Amino acid sequence: ELSLFDSAVFGLIPREGEYLATGQVFPRWGSAHPQFVPFQAFRTSDGHVFVAAFHDALWKKLCAVLGMPQMAADERFSSGVARSRNREALLAAIEPIFAIQASAHWVDTLQAAGIPAGRINDLGDVFRALRRLPAALEALYPLCAVLPPVAAFCVMPFTTSVARLRE
């Protein structure tokens, strides 16, 4: 078993190697990947989507979907290294396009083209989805029917054991 802290540190790979090798703390990129571009969240007309066009073939597909096939051939963006070096120019070109359409449009269009993408849900989305849980769940956990905000906890099985330090 691993602690939550140990798991989180493992998730730092390869940033931890860079730190241990150089002593330099890696800058924060928000949702963006430090090497793969574009691989991050984009604002849409009604929320955000996460797009993972992390290699050249996906980048070419993304350019086509965005109606900008010429960007795939642009020397500044023609390889992963080039896209990483020219991150700001690339994002300045594509961010306004994502902002025009709704998240559902982008998710459907990108996924149809084979580009990994998904809507980023807010708390309202989460609780609306929980309200659509089958009535059987309410039968198992009656408190879910009475207190809808508690429903989030009702989808997880309860346990009577408590982890001790270092467990």
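The following questions and answers go through a predicted model of one protein chain.

User: How many helices and how many strands are there in the chain, and what pattern do they follow along the sequence?

Analyst: Read along the sequence, the elements follow the pattern α-α-β-β-α-α-α-α-α-β-α-α-α-α. Buried residues make up 26% of the 167 residues in this chain, and among contacts between residues at least 6 apart in sequence, 51% join residues at least 24 apart. The count asked for is 11 helices and three strands.

User: What pLDDT does the chain average, and over which residues does pLDDT stay under 50?

Analyst: The chain averages a pLDDT of 83, and 77% of the residues score at least 70. For the segment where pLDDT stays under 50, the model has five contacts beyond four places in sequence. That segment is residues 156-162.

User: How far apart are the end C-alpha atoms of helix α6, and what span should its 12 residues have?

Analyst: Helix α6 covers residues 87-98, and at 1.5 Å a residue the expected span is 16 Å. The end C-alpha atoms of α6 agree with that expectation, because their separation is also 16 Å.

User: Which residues of α6 are buried, and what arc around the axis do they cover?

Analyst: The buried residues of α6 are R87, L90, L91, I94, I97 and F98. They lie on the same side of α6, because the arc they cover around the axis is only 130°.

User: Which residues are exposed on the other side of α6, and what covers its buried residues?

Analyst: On the other side of α6, the exposed residues are E88 and A92. The cover over the buried residues of α6 includes both strand and helix elements, namely β1 (39-43), β2 (48-52), α3 (56-65), α4 (69-73), α5 (80-85) and α7 (103-112).

User: In what sense do β1 and β2 pair, and which residue of β2 stands opposite A41?

Analyst: β1 and β2 form a hairpin with four residues between them. Their pairing is antiparallel and runs over five bridges. Within this pairing, the residue of β2 that stands opposite A41 is F50.

User: Where is V51 found, is it buried or exposed, and what is its bridge partner in β3?

Analyst: V51 is found in strand β2, and it counts as buried because its relative accessibility is 0%. Leaving aside neighbours within four places in sequence, V51 is in contact with P38, F39, Q40, F42, L62, F98, L110, I115 and P116. Three bridges join β2 to strand β3 (residues 117-119), the two running antiparallel, and the bridge partner of V51 in β3 is A117.

User: What separates the C-alpha atoms of V51 and Q111 in the model?

Analyst: V51 and Q111 are 60 residues apart along the chain. In space, their C-alpha atoms are separated by 9.7 Å.

User: Is R83 buried or exposed, and what length has the polar contact that joins its side chain to that of D56?

Analyst: R83 lies in helix α5, and at 1% relative accessibility it counts as buried, since buried means under 20%. Not counting residues up to four places away in sequence, R83 touches V37, P38, H55, D56, W59, R76, F77, S78 and L90. The polar contact between the side chains of R83 and D56 is 2.8 Å.

User: Where does P38 lie, and what is the omega of the peptide bond from V37 to P38?

Analyst: P38 lies in the loop between α2 (15-22) and β1. The peptide bond from V37 to P38 is cis, with omega near -5°.

User: Where is the place of A32, and how far apart in space are A32 and A52, C-alpha to C-alpha?

Analyst: The place of A32 is in the loop between α2 and β1, and A32 counts as buried at 13% relative accessibility. Not counting residues up to four places away in sequence, A32 touches F39, Q40 and R87. A32 and A52 are 20 residues apart in sequence, and their C-alpha to C-alpha distance is 9.6 Å.

User: Is D125 buried or exposed, and a polar contact joins its side chain to that of which residue?

Analyst: D125 lies in helix α8 (residues 123-131) and is buried, with a relative accessible area of 14%. Not counting residues up to four places away in sequence, D125 touches R119 and I120. The polar contact, of 3.3 Å, joins the side chain of D125 to that of R119.

Technical notes
Residues numbered from 1 in each chain as written. Predicted model: local features only at pLDDT ≥ 70, side-chain atom pairs only at ≥ 80, totals over all residues. Heavy atoms only, no water. Expected span 1.5 Å × (residues − 1). Buried < 20%, exposed > 50% of the residue type's maximum accessible area, 1.4 Å probe, protein only. Arc of directions from axis to C-beta. Contact = heavy atoms within 4.5 Å. Polar contact = N/O pair within 3.5 Å; in protein donor to acceptor, adjacent residues only side chain to side chain. pLDDT = per-residue confidence, 0-100. Pairing = 2+ DSSP bridges.
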